[in-house]
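These are my notebook entries on a structure I was asked to look through. I record each item as I looked it up.

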Amino acid sequence: MTEKTETAPAETAVSLPAPPVAQRIDHEITQLGFTRNDPYNWLKDENWQDVMREPSVLRADIRDYLLAENAFTKAVLEDPTAALREELFAEMRGRIKEDDSSVPDVDDQWAYYTRFREGGEYAVFARRPASDAFNEAAPETMILDGDAMGKGQDYFAFGDIEISPDDQFVAYGTDTKGSEYYEIRVKNIETGEDTGVQIDSAYGPMEWSATGKAIFWVARDPNGRPNAVYQRTLATGEDKLIYEESDPAFFVSIATTESKEVILINASGHTTSEIHWFPADELDPVVRTIAPRETDNEYSVTQWDGEFYIITNLGGAVDFKLMKAPMTATSREEWKEVIPHRPGTLLLGMVAQQDYLALMERENGLPRIVIQSRADGTSHSISFDEAAYDLGLDNGYDYKTPVLRFDYASPSTPDQVYDYNLVTREKTLRKTREVPSGHNPADYVVERIMVPSWDGVEVPVTLLRHKDTPVDGTAPLLLYGYGSYGITIPADFRTGRLSLVDRGFIYAIAHIRGSQAKGYQWYLDGKLDKKTNTFKDFVAAGNYLADKGYTSRGRIVGHGGSAGGLLMGAVANMDPELFGGIIAAVPFVDVLNTMSDESLPLTPPEWPEWGNPLTDEAAYNTILSYSPYDQVGDKPYPAMLITGGVSDPRVTYWEPAKWAAKLRHEAPNGGPYFLRINMDAGHGGASGRFEGLKETATEYAFALAAVGKVDNLKLERAE
């Protein structure tokens with residue numbers, strides 16, 4: 001392997017210009033008898049809800065400070081790495097088939113798909129006759145043109161896209177601020193005419209009635225929480241309230257079962273579910289409840305074989321079990337067990353076909369698909385042999401056709417889409433992700449190792465490296481982690497990673513507690529009063545990888561976003577010298593203040609994850625003990641790249657801004673610290689597939705510089 005590096009004549013550390021200095025204004029907060037000072041509280045705009053919807057109204061002094069931070073980052077990090085970032089961007093773009101398209105989903109007489117133009121930023125949504133589903137030369141009908149719709153917008157993203165039952169109309173949502181408030185419109189597919197339907201400030205999901213006469217959509221309350229379902233009658237333009245949630249800890253969503261006979265309303269907290277339903281052909285429906293909410297009881301539902309099939313943790317089924325109930329059921333007493341709880345085998349989800357039910361399971365950190373037959377009750381499984389891989393079910397295929405679609409990938413194997421005949425058990429490969437610039441999986445080594453954590457518990461770690469990268473302690477390593485909400489980072493294929501791996505980096509994913517990598521108990525052991533297990537697992541993984549020669553201390557770049565950004569802040573406090581750099585994307589680092597602010601959209605729903613510091617002294621002290629913003633001290637922190645978005649409703653912009661300001665004040669001998677706030681986007685960063693690559697190129701240029709692989713930029717701790 002020939003390592004790629006950015007070259008420049010000098011190899012000396014640069015003299016950094018002075019970063020912006022944030023004003024400090026004492027702001028005392030008294031809570032449960034404790035008092036703390038937050039001198040950067042002024043960075044939170046009092047009218048933050050307006051800022052979410054219209055970033056231009058951000059208070060002038062805050063805007064000026066954020067722009068000064070962006071200017072510092074540009075001058076000190078982005079400008080010196082401009083050539084490298086362009087090289088990285090070109091590589092990553094070169095691995096994308098620009099005129100790519102998805103495998104069509106067949107729905108009755110039509111096959112629907114997305115495609116991209118050469119050079120296009122946004123998707124085109126189109127269809128062709130089902131009889132020509134896989135004939136790319138067949139005539140198509142363009143339904144939505146993302147490039148045209150996003151032209152001139154600083155930010156553009158599609159929300160839900162739903163076709164009417166008669167295939168004549170499309171209902172679609174768009175977000176032009178990055179705040180995840182969607183405008184829903186309806187368009188005639190054949191004529192291209194807008195019907196005049198407009199629904200503002202909606203949440204993402206929506207569903208057509210089976211009659212095609214109405215759309216059911218989800219509204220937000222004044223705090224931005226999805227809390228109600230409305231029926232929009234298209235003929236009159238009137239909205240009728242169908243369901244309203246009064247508990248701010250429960251978010252509302254809506255979905256149609258695969259049979260399209262039932263519409264489900266899901267009201268859920270992090271660990272508690274309540275699902276309601278009504279027939280899809282019923283207008284002004286009467287909403288039925290499958291089972292009332294019970295604290296810490298979760299369940300998900302689909303309709304199959306004339307009954308409801310239910311995945312639940314009822315009765316202490318930590319890794320969940322499968323049950324069924326008649327559609328007339330209104331309580332758990334009417335549920336009957338189909339597959340019992342099997343400790344260590346996590347039941348993740350299900351997809352129904354007319355005569356088969358597909359279940360997704362995970363055991364020992366690896367997924368598999370299990371198929372059950374309606375006719376005779378027999379079952380069989382689909383699994384793969386690589387050391388680490390990702391597997392996903394697609395529920396978009398025709399319900400009556402005995403074909404299941406699934407996706408497969410591994411860190412070295414590009415995504416593959418299969419159609420699986422449920423009768424013959426034959427797999428048809430429909431698509432393999434193309435890498436135009438070339439990719440040979442044999443050039444890479446994928447490993448799955450088990451790392452002993454601080455308490456002896458073994459943590460899975462997925463590793464990707466070039467076959468020529470030595471395991472002698474000299475390689476830099478990017479260690480990625482998340483570890484919250486039960487979300488498991490998949491061992492999938494990402495072409496961007498190859499730009500680091502081809503430059504001698506080892507890419508590692510630590511499947512730490514707080515995820516469900518080893519079952520639901522793995523999640524329970526990384527939340528609330530056990531949250532510090534998440535951080536200790538990550539630090540243990542880094543030290544183990546150094547001890548085993550994959551890298552060495554100080555050669556590790558930690559990377560995480562959102563709650564993974566909290567992880568980055570916590571581990572930087574715990575063992576700052578383990579890392580050569582930290583990339584904290586939209587980091588949730590002001591945990592105590594955020595979990596104490598009931599007006600924020602996500603705060604009440606997330607108390608089951610973190611604890612409620614407004615009422616619980618133990619939760620207050622636990623959160624305070626690890627909250628990165630509160631625990632900043634005079635420590636030898638590594639270089640950090642910290643990002644955020646002004647219209648982010650999930651991790652508000654002031655969290656990364658306050659953290660960066662405090663790091664500079666409290667730890668002037670660490671760093672350097674770079675803050676980059678996207679003034680036109682939210683939680684997901686820049687919209688458009690190529691603009692997003694530019695952000696990744698900046699992160700990877702930082703990572704290379706942090707471990708001394710950029711000759712004209714040394715990001716070293718101050719002496």
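**Entry 1: a buried arginine**

Which side chain is joined to that of Arg 465 by a polar contact of 3.3 Å? I note at the outset that the model is a predicted one. I looked up the pair and found that the partner is the side chain of Glu 447. I placed Arg 465 in strand E31, which covers residues 458–466. Its relative accessibility is 13%, so I count Arg 465 as buried, the limit being under 20%. I then listed its contacts, leaving aside neighbours within four places in sequence. Arg 465 is in contact with Asp 443, Tyr 444, Val 445 and Glu 447, and also with Val 471, Val 501 and Ile 506.

**Entry 2: a buried histidine**

I turned next to His 276, which I found in strand E16 (residues 273–279). Is His 276 buried or exposed? At 4% relative accessibility, I count His 276 as buried. I looked up two polar contacts of its side chain. One joins His 276 to the side chain of Glu 274 at 3.1 Å. Another, at 3.4 Å, is made with the side chain of Tyr 243. Tyr 243 also appears in the contact list of His 276 that leaves aside neighbours within four places in sequence. That list further holds Ile 263, Leu 264 and Ile 265, together with Val 287, Arg 288 and Thr 289.

**Entry 3: two open sheets**

I examined an open sheet of four strands and read its order as E3-E4-E5-E6, with antiparallel pairing. Strand E3 (105–107) and strand E6 (141–145) each have a single partner strand, so one side of each is left without a neighbour in the sheet. From one strand to the next, I recorded an average twist of 25 degrees. How many bridges join strand E4 to strand E5? I found six between E4 (residues 110–115) and E5 (residues 124–129), and these strands run antiparallel. As one case, I noted that Tyr 113 has Ala 126 in E5 as its bridge partner.

I then looked up an open sheet with the order E18-E19-E20-E21, made of four strands with antiparallel pairing. At its edges I found strand E18 (299–304) and strand E21 (336–339), each pairing on one side only. The twist here averages 30 degrees from one strand to the next. Strand E20 (residues 321–326) runs antiparallel to E21, and three bridges join them. I noted Lys 336 in E21 as the bridge partner of Lys 324.

**Entry 4: a helix pair**

I looked at how helix H2 (residues 60–78) packs with helix H12 (residues 654–666), and I recorded an angle of about 65 degrees with the axes 12 Å apart. The crossing of H2 and H12 is left-handed. Which residues make the contact? From H2 I listed Tyr 65, Leu 66, Glu 69 and Phe 72, and from H12 Ala 657, Ala 661 and Arg 664. I sorted the residues of this contact into five nonpolar and two charged, with no polar ones.

**Entry 5: a loop threonine**

I located Thr 176 in the loop between strand E8 (169–175) and strand E9 (182–188). With a relative accessible area of 30%, Thr 176 is partly exposed. How far apart in space are Thr 176 and Ala 681? I recorded 8.7 Å from C-alpha to C-alpha, for residues 505 apart in sequence. Leaving aside neighbours within four places in sequence, I found Thr 176 in contact with Gln 153, Tyr 155 and Phe 156.

**Entry 6: backbone exceptions**

I looked for backbone exceptions because most residues other than glycine have a negative phi, and most peptide bonds are trans. Gly 671 and Pro 672 are joined by a cis peptide bond, with omega about 10 degrees. I placed Pro 672 in the loop between H12 and strand E37 (673–678).

I then noted Asp 167, which is not a glycine but has a positive phi of about 65 degrees. Asp 167 sits in the loop between strand E7 (157–163) and E8. With 8% relative accessibility, I count Asp 167 as buried. I also recorded a positive phi near 60 degrees for Tyr 485. I found Tyr 485 in the loop between strand E32 (477–480) and helix H5 (497–501).

Terms used. Residues are numbered from 1 along each chain as its sequence is written. This is a predicted model: local features need pLDDT of at least 70, side-chain atom pairs count only at pLDDT 80 or more; totals for chains, interfaces and linings use all residues. Side-chain values use heavy atoms; hydrogens and water are left out. Two strands pair if DSSP finds at least two bridges between them. Axes are lines fitted to C-alpha atoms, for helices over the stretch in contact, and angles run from 0 to 180 degrees between N-to-C directions. Buried means under 20% relative accessible area, exposed over 50%, partly exposed in between (1.4 Å probe, protein chains only). A polar contact is a pair of N or O atoms within 3.5 Å; within protein, one must be able to donate a hydrogen and the other to accept it, and residues adjacent in sequence count only if both atoms are side-chain atoms. Contact means heavy atoms within 4.5 Å. A crossing is left-handed if the near helix is turned anticlockwise from the far one by less than a right angle, and right-handed if clockwise. Ala, Val, Leu, Ile, Met, Phe, Trp, Tyr, Cys and Pro count as nonpolar, Asp, Glu, Lys and Arg as charged, and the others, Gly among them, as polar.
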